[in-house]
Amino acid sequence: MGFKEQKSMFVSLFAVALFVAFICIGNNSAYSDDKIILKAGHGVQSGHPTHKALLKFAELIKERTNDRVEVQVYLDRQLGEERDMVEGLQLGSVDLCVVSTGPLAGFVPEISVVDLPFLFTSSEHVYKVFDGKIGQELLAKFKPVGIDGLAFWENGWRHLSTTNKKVMVPSDLEGMKIRTMENMIHMAAFEAMGASPIPMVWGEVYTSLQQGVIDGQENPAVVMATNALWEVQKYYALTGHVYGPHLFLMSDRTMKKLPKDIVEIIKKTVKDVTNYQRKLSQEQESQYIEKLKKEGMDVYEVDRSKFKEATKPVYAQFEQMFGKGLINNIINESDDKTK
């Protein structure tokens, strides 16, 4: 076969390969003429308000788009750990996800400001910040990394659970191995209180507690109850050291592919469901605390001022990273700055 014949055959084969690839991509696409399918993932159990709210979101989207859009909800890390899902947003393999702040510092470092210990004084203070200018500016910072920040949802106030030792004051944490999210501020806070923070993905926590690899962890009551942590933990100190938001995020690649009217419906529905999710979270918190007590956990109050005092050095440590102005602006949104 001569050079011209080889070249002609190569061109023909290349054209066929491109055509086949195009067909395959078309068949695998989440978009078709009659329906748009969006994958939405999160890392919590079915009883968590975030899962229930995502189901509500899917229901409303279907209704408001006249069944043009179907949101498929994948719970309990079915689409991967939280970092995997966020990376999926960038790649376009995941359309929507709701995640904690833990893995987000690697994408938008400024988001970690909300993880400063005892930054917020109440849920009202939280909502005022997140729904106002500060919160919207933080969400906007996701755009340059290929993600659209849609809303702040609620994971709840984070408290401390331990296995064999009741923690009443920060000094009780001396030498204890406490699991934290992969979050440098959470780690710094527990170091300041004398503990040895162990960053760990959520999927490893239950077994690590069961086997004594770690002495405790910190999470809202809803996470404690929906994951049956009373089976491997005895004490639950209501430290309220950090308010834990869930961030509702969307792939910018997906957003750009959607018709404008669908985008507007999604944004409006996110806003409506955000109020629903927060209300549900607040209603369930006290129920979950009672559930933990009923299951045999020792749930108790502590003097939060002592823990707050112990974590003051964390502010100085991260002040340069976030800017004193941003930190003060958040603090000043509170109606009660004495707490």
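Which residue just after helix H6 takes a positive phi? In this predicted model, the residue in question is Gly 194, whose phi is about 100° and which follows just after H6. The helix itself spans residues 184-192, and its buried residues are Ile 185, His 186, Ala 188, Ala 189 and Phe 190. At the start of H6, a side-chain oxygen of Asn 183 comes to within 3.0 Å of the backbone nitrogen of Ile 185, and Ile 185 is itself one of the buried residues of the helix. The cover over these buried residues includes the strands E4 (147-162), E5 (177-180), E6 (196-199), E7 (216-219) and E8 (235-251), together with helix H12 (312-322).

One of the strands in that cover, E6, holds Ser 196. With a relative accessible area of 33%, Ser 196 counts as partly exposed, because this value falls between the 20% and 50% cut-offs. When residues up to four places away in sequence are set aside, Ser 196 is in contact with Gly 175, Met 176, Lys 177 and Ile 178. Ser 196 is also separated from Arg 179 by 17 residues in sequence, and the two C-alpha atoms are 8.5 Å apart in space.

Strand E4, which also belongs to the cover of H6, contains Ser 161. The relative accessibility of Ser 161 is 0%, and therefore this residue counts as buried. Its side chain makes two polar contacts that can be followed in the structure: one with the side chain of Gln 217, at 2.8 Å, and one with the side chain of Gln 233, at 2.6 Å. Beyond its neighbours within four places in sequence, Ser 161 is in contact with Asp 215, Gly 216, Gln 217, Met 224, Gln 233, Tyr 235 and Tyr 236.

Tyr 236 also leads on to Pro 220, since Pro 220 touches Asn 155, Gly 156, Trp 157, Arg 158, His 159 and Tyr 236, not counting residues up to four places away in sequence. Pro 220 is placed in the loop between E7 and H8, and it is buried because its relative accessible area, 2%, is under 20%. In sequence Pro 220 and Tyr 288 are 68 residues apart, while their C-alpha atoms are separated by 9.4 Å in space.

Pro 220 and Tyr 288 both line the largest cavity, along with Pro 49, Glu 154, Asn 155, Gly 156, Trp 157, Ala 221, Val 222, Ser 281, Gln 284 and Glu 285. Two or more residues of this lining come from each of E4, helix H8 (221-226) and helix H10 (260-294). By character, the lining residues divide into six nonpolar, four polar and two charged. The space inside the largest cavity is about 70 Å³, and the structure holds one cavity of 30 Å³ or more.

Strands E4 and E8 and helix H10 come into the picture again around helix H4 (residues 123-130), whose buried residues pack against helix H5 (133-140), E4, E8, H10 and helix H13 (324-332). Six of the eight residues of H4 are buried, so this helix is largely enclosed by the rest of the structure. The buried residues are Ser 123, His 125, Val 126, Tyr 127, Val 129 and Phe 130.

Several residues of H4 meet Phe 120, which is in contact with Val 114, His 125, Val 126, Val 129, Phe 130, Trp 157, Tyr 243 and Ile 330 once its neighbours within four places in sequence are left aside. Phe 120 belongs to the largest nonpolar core, a set of 38 residues in which Leu 116, Phe 120 and Leu 249 have the most contacts. A second core, separate from this one, has 27 residues, including Leu 38, Phe 57, Val 73 and Val 273.

A last stop is Thr 65, found in the loop between helix H2 (49-64) and strand E2 (69-74). Thr 65 has a relative accessible area of 2%, and so it is buried. A polar atom of the Thr 65 side chain lies 3.2 Å from the backbone nitrogen of Val 69, and, apart from residues up to four places away in sequence, Thr 65 touches Ile 262 and Ile 265.

Definitions and conventions
Residues numbered from 1 in each chain as written. Predicted model: local features only at pLDDT ≥ 70, side-chain atom pairs only at ≥ 80, totals over all residues. Heavy atoms only, no water. Buried < 20%, exposed > 50% of the residue type's maximum accessible area, 1.4 Å probe, protein only. Helix = DSSP H or I, 4+ residues; strand = E, 2+ residues; numbered from the N terminus. Contact = heavy atoms within 4.5 Å. Polar contact = N/O pair within 3.5 Å; in protein donor to acceptor, adjacent residues only side chain to side chain. 1 Å grid on protein atoms, 1.4 Å probe; cavity = no way out; pocket = protein on both sides within 12 Å on 5 of 7 lines; lining within 4 Å. Points joined across faces, edges and corners; volume = space filled by probe spheres on them. Nonpolar A, V, L, I, M, F, W, Y, C, P; charged D, E, K, R; others polar. Core = buried A, V, L, I, M, F, W, Y, C linked by side-chain atoms within 4.5 Å.
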